[in-house]
Amino acid sequence: MADTPLLDIRGLETAIGSRAGVVRAVRGVSLRVDRGETVGLVGESGSGKSITALSIARLLPPAGRITAGEVLLDGQDVLRLSQRALRAVRGRRIGMVFQDSMTALNPLLPVGRQLTEHVRAHLGLGPREATRRALRLLDEVGVTDGERRLRQYPHQLSGGLRQRVAVAIALAADPDLLIADEPTTALDVTIQAQILDLLRREQRDRGMGLLVITHDLGVVAGIADRVAVMYAGRIIEEGATDAVFAEPAHPYTLGLLTSVPRLDTSLDARLPSIPGAPPPLWALDAGCAFRPRCPVAIDRCAADPPLSGERRRVACHVDIRATVP
Amino acid sequence: MLGYVARRLLWALVVLWAVVTITFCATYLSDIDPAAVYAGQRATTEQIAAVRADFGLDDSLLVQYGRYLARLAQADLGQSFVSRDDVAAQVVDRLPKTAELAAVAMLIQLAIGVPLGLLAALKRRTVIDRGILLLTLLGVAAPAFVTGFLLLYVVAFRLGWLPLGGSSEASAVILPALTLGAAGGAWYARMLRSTTLNILGEDYIRTARAKGLAERVVVARHVLRNAIGPIVVMIGLDLGVFLGGVLIIEKVFACPGIGLYAWQAIEQNDTPAVLGTVLVAAFCVTLLSVLADVVNAVIDPRVRYG
């Protein structure tokens, strides 16, 4: 078992049907998350990071379809599970936190009900035990006055409290893997830090695997051991967070990192940005998707570079670490 | 919660006052001379003038309006020009028949609409969904007098399974209720389908699925509960309309309810009876819609605390 990663995504392909036809939103993504490890999956909107996250638990919208690949959870392919077996994985082995807790919680059910319904199903607890457990969980995620909170409705809580409740719901059945899809995007900056703290602490205390999906490089820097950067449905660079941030190997990653404002840059200086916009997914050719915007593109880029390397993987024909001082 | 109910009731009162005022003005503006209708076709000019003086029709508009409001406040809807009967008593007499029709039609409507709408949404884009869409389109599009006569002809006349119109048997309510309920049920099915499809796309449904809940739990606890609100509003409005008398249905089936009474009143230029039934209908719609709002507030905490 020691060699089997907790989550091992292999060659995942997900297509989304849209008015413009079928779009390959995820184009051959391979990614591992080990026990006790936090992996950040970064990318702009439309890069396929959220679709990747939803594919793991097969929670795609009706228009979405996984067309190829494997999602191995402890070596077992989630994509091949029966509906019944899949339900035993969702919530129980994989917990999920979504972006906007206002819409992610049912407005008509008290918090307590939403915190206990799946625990009762998964762990076979009675109502009283489930409530006790819910109170413990609320305390654990930093929600005070739990007795009252359990009776309240989502709209009666602040955004930060709601997201803590959402985290508690995801953790309620002690999952091995927590997937957090933009968990802080809808929150104020100070609350963001609190929620990140909470996720980090829970991941450490429980020894879970944590996959954080975000567009925010600051979130990744603060929480992830490893980072994978997605562009146009592919992972284009992956490695230890420190290493990638210190020395990005893909021109897109480099562009992303240099376009983050820093406190020590002069206010007069123009913030560098990547020229152009991500290509529409239905207009991709066989070459590297970043090529049209890439400052160092060469002729060979007309053939899509494979993601290669061992601990540090890059999908680029050019070694920018050698060319950029 | 109590404050909410009080606010809704107050608003209902304002609406009713507006309805009363508008109908009052409408009769005043109409060509029909109430005194002439009351006095009858062979009445002389002197007799009509006597009637006019007798009923205070020569008083100013405002005085008449005030008198009208005062009488309404005592549930006095006046006296029929034709039969000289008390309109309020006539309406109350016919209310049970109409209420029976309304209740049975609503039950049929829900029994058709809720399962079909839910099924169509859950089986979206399948043959089942398309079949239900087509069927309900027919139900919505077919006019009540067509389906009504069709049912009467086939079920009552040809097959003889149920009594023809005008019967006082208890089973006489079935055909008119079916005519009314089938159309409403088709309408409910279509509405519930789109409501449910919207809800299925909500984030909290994804959350519920991400928890590993069984699909039937997701549907019953998370989808249905959120779909009930719009249904309750529709039930409230429809019941209000039904209770006010469904003219065409009651006419087609010769069902002696408020609707038929209103129909006859219109045919005979019987202004007090027309006004009375209009006001009763408005009262029913307003009251039931307030009731629906209150039920909604019980279901949805956001309404209650909002």
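The axis of a helix is a line fitted to its C-alpha atoms over the stretch in contact, and the angle between two helices is taken between their N-to-C directions, from 0 to 180 degrees. The views below show parts of a predicted model.

**View 1. Chain B as a whole, a chain of helices.** The secondary structure of chain B consists of 14 helices and zero strands, and when its elements are read from the N terminus on, they run α-α-α-α-α-α-α-α-α-α-α-α-α-α. Along its principal axes, the C-alpha trace of this chain spans about 85 × 55 × 30 Å. The remaining views look at helix pairs in chain B and at empty spaces in the structure.

**View 2. The packing of α9(B) against α10(B).** These two helices pack at an angle of about 155°, and their axes are 10 Å apart. Angles over 145 degrees count as roughly antiparallel, and α9(B) and α10(B) are therefore roughly antiparallel to each other. Their crossing is right-handed. On the side of α9(B), the residues in the contact are B:Tyr204, B:Ile205, B:Ala208 and B:Arg209, and they meet B:Glu215, B:Val218, B:His222, B:Val223 and B:Asn226 in α10(B). Sorted by class, the residues of this contact divide into five nonpolar, two polar and two charged.

**View 3. The packing of α8(B) against α10(B).** Helix α10, which covers residues 215-243 of chain B, also packs with α8(B), here at an angle of about 150° and with the axes 10 Å apart. This angle makes α8(B) roughly antiparallel to α10(B), and the crossing of the two helices is right-handed. From α8(B), the residues B:Leu180, B:Trp187, B:Tyr188, B:Met191, B:Leu192, B:Thr195, B:Thr196, B:Ile199 and B:Leu200 take part. Their partners in α10(B) are B:His222, B:Val223, B:Asn226, B:Ala227, B:Pro230, B:Ile231, B:Met234, B:Ile235, B:Asp238 and B:Phe242. By class, this contact has 14 nonpolar, four polar and one charged residues.

**View 4. The packing of α1(B) against α4(B).** In this pair the helices pack at an angle of about 135°, with 11 Å between their axes, which makes α1(B) oblique to α4(B). The crossing of α1(B) and α4(B) is right-handed. The residues B:Trp17, B:Val20, B:Thr21, B:Phe24 and B:Tyr28 of α1(B) meet B:Leu61, B:Gln64, B:Tyr65, B:Tyr68, B:Leu69 and B:Leu72 of α4(B). Nine residues of this contact are nonpolar and two are polar, while no charged residues take part.

**View 5. The largest pocket, lined by residues of chains A and B.** The volume of this pocket is about 1,000 Å³. Among the 30 residues that line the pocket, those closest to its centre are A:Leu60, A:Pro61, A:Pro62, B:Arg124 and B:Arg209. The elements that each supply at least two residues of the lining are β4 (64-73) and α2 (83-89) of chain A, together with α5 (87-122) and α9 (203-210) of chain B. The largest share, four residues, comes from α9(B). B:Arg209, listed here close to the centre of the pocket, also appears in View 2 as one of the residues of α9(B) that meet α10(B). In its classes, the lining divides into 14 nonpolar, four polar and twelve charged residues.

**View 6. The second largest pocket, with B:Phe24 and B:Gln64 among the residues nearest its centre.** This pocket has a volume of about 720 Å³. It is lined by 27 residues, of which B:Phe24, B:Pro34, B:Leu57, B:Gln64 and B:Phe81 lie nearest the centre. At least two residues of the lining are supplied by each of α1 (2-29), α2 (34-39), α3 (45-54), α4 (61-73) and α13 (271-299) of chain B. B:Phe24 and B:Gln64 are also among the residues through which α1(B) and α4(B) meet in View 4. The lining has 16 nonpolar, seven polar and four charged residues.

**View 7. The largest cavity, with B:Phe253 among the residues nearest its centre.** Five cavities of 30 Å³ or more are found in the structure, and the largest of them has a volume of about 120 Å³. Its lining is made of 18 residues, and B:Ser167, B:Ala172, B:Val173, B:Pro176 and B:Phe253 lie nearest its centre. In chain B, α5 and α8 (174-200) each supply at least two residues of this lining. By class, the lining divides into twelve nonpolar, three polar and three charged residues.

Notes. Residues numbered from 1 in each chain as written. Chains lettered and ligands numbered in written order. Predicted model: local features only at pLDDT ≥ 70, side-chain atom pairs only at ≥ 80, totals over all residues. Heavy atoms only, no water. 1 Å grid on protein atoms, 1.4 Å probe; cavity = no way out; pocket = protein on both sides within 12 Å on 5 of 7 lines; lining within 4 Å. Points joined across faces, edges and corners; volume = space filled by probe spheres on them. Nonpolar A, V, L, I, M, F, W, Y, C, P; charged D, E, K, R; others polar. Parallel < 35°, antiparallel > 145°, perpendicular 65-115°, else oblique. Left-handed = near helix turned anticlockwise from the far one by under 90°. Contact = heavy atoms within 4.5 Å.
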